[in-house]
Amino acid sequence: EWRFPTKLQVLDAGGPFMAKIMVAVLLALFVSGPIFLWEMWMFIAAGLYQAERRVVYAFFPASLTLFALGVGFGFFIMVPNALYFLQGDGLGKDDFSREMALGLYLQFIRGLSLALGFVFQLPVAQVVLSKTGLVDPKLYAKYRGHMAIAALVIAMFLTPPDPYTQVFLCLLYTSPS
């Protein structure tokens, strides 16, 4: 059962070195992200009313947690299953080599994991929009079918071209929050 590539191809001169740099930068952004967001928040909070600040204080920890869970879900669940499907193992055996280019592999992981991180933010965004009075909660129920179609279209652009990850991402988006 093939889930992660066992051997990666290097197609450019600085491939392994640049891959390590990119992974280190992404890890640093992931770790320092909450501090950066907090600094941005302190700048923005000066111009907000007290009620608006309370809403952000209430949902900021949940938002960070859900983003981290989304990235983890993307990396540990979605990426292996997408690779399994996209590499053709779900469709039967063939004579293709299962080696991937290092840069393209890291780009695939980054794109899919970040997309899931942002999708996990959608319930928080919906609750914040409802609590602030910008969107009536009944509107979500009324247009649930429209939101499911919109989620399929958005998932089509955020995921690789396979129905498995597209439908899975759509189900995550349309699940009741």
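Start with the largest nonpolar core of this predicted model. Select Val79, Leu83, Tyr105, Phe108, Leu112 and Leu116: out of the 18 residues in the core, these have the most contacts inside it. Now colour by element. Helix H2 (50–86) and helix H3 (102–119) are the elements that give two or more residues to this core. Which of them gives the largest share? That's H3, with 8 residues.

Keep H2 and H3 on screen and bring up the largest pocket, which holds about 1200 Å³ of space. Its lining is a long list of 37 residues, so to find the middle, select Leu29, Phe30, Phe67, Val71 and Leu114, the ones closest to the pocket centre. Where does the lining come from? Show helix H1 (15–45) and helix H4 (122–131) next to H2 and H3; each of these four supplies at least two lining residues. H2 and H3 therefore turn up at both stops, giving two or more residues to the core and at least two to the pocket lining.

Next, hop along to helix H5 (residues 137–142) and pick Tyr140, which sits there. Is Tyr140 buried or exposed? Its relative accessible area is 19%, and the cut-off for buried is under 20%, so Tyr140 counts as buried. While Tyr140 is selected, draw a distance to Ser130: the two C-alpha atoms are 9.6 Å apart, with the residues 10 positions apart along the chain.

Now switch to a surface view and select Ile149, Leu152, Val153, Met156, Phe157, Val167 and Leu171. Together they make a nonpolar surface patch of about 670 Å². Two elements give two or more residues each to the patch: helix H6 (144–158) and helix H7 (163–174). H6 has the largest share, 5 residues.

Stay on the patch and click Phe157, which belongs to H6. Its relative accessibility is 67%, and since anything over 50% is called exposed, Phe157 falls in that class. Set it against Tyr140 from the previous stop: Tyr140 is buried, whereas Phe157 is exposed.

Last stop: zoom out and switch to cartoon. The protein has 7 helices and 2 strands. Trace the chain from the N terminus and the elements come in the order β-α-α-β-α-α-α-α-α. Finally, colour by burial: of the 177 residues in the protein, 28% are buried.

Technical notes. Residues are numbered from 1 along each chain as its sequence is written. This is a predicted model: local features need pLDDT of at least 70, side-chain atom pairs count only at pLDDT 80 or more; totals for chains, interfaces and linings use all residues. Side-chain values use heavy atoms; hydrogens and water are left out. A nonpolar core is a set of buried Ala, Val, Leu, Ile, Met, Phe, Trp, Tyr and Cys residues joined through side-chain atoms within 4.5 Å. Buried means under 20% relative accessible area, exposed over 50%, partly exposed in between (1.4 Å probe, protein chains only). Patches are made of residues with over 30% relative accessible area and no salt bridge: like charges are joined within 9 Å, nonpolar side chains (Val, Leu, Ile, Met, Phe, Trp, Tyr) within 5 Å. Accessible areas come from the Shrake-Rupley method with a 1.4 Å probe; for residues, only the protein chains shown count as cover. A salt bridge is a side-chain nitrogen of Lys or Arg within 4 Å of a carboxyl oxygen of Asp or Glu. On a 1 Å grid over the protein atoms alone, a cavity is a set of points where a 1.4 Å probe fits but cannot get out, and a pocket is an open set with protein on both sides within 12 Å along at least five of seven lines; lining residues have an atom within 4 Å of a point. Grid points are joined across faces, edges and corners, and a volume is the space filled by probe spheres set on the points.
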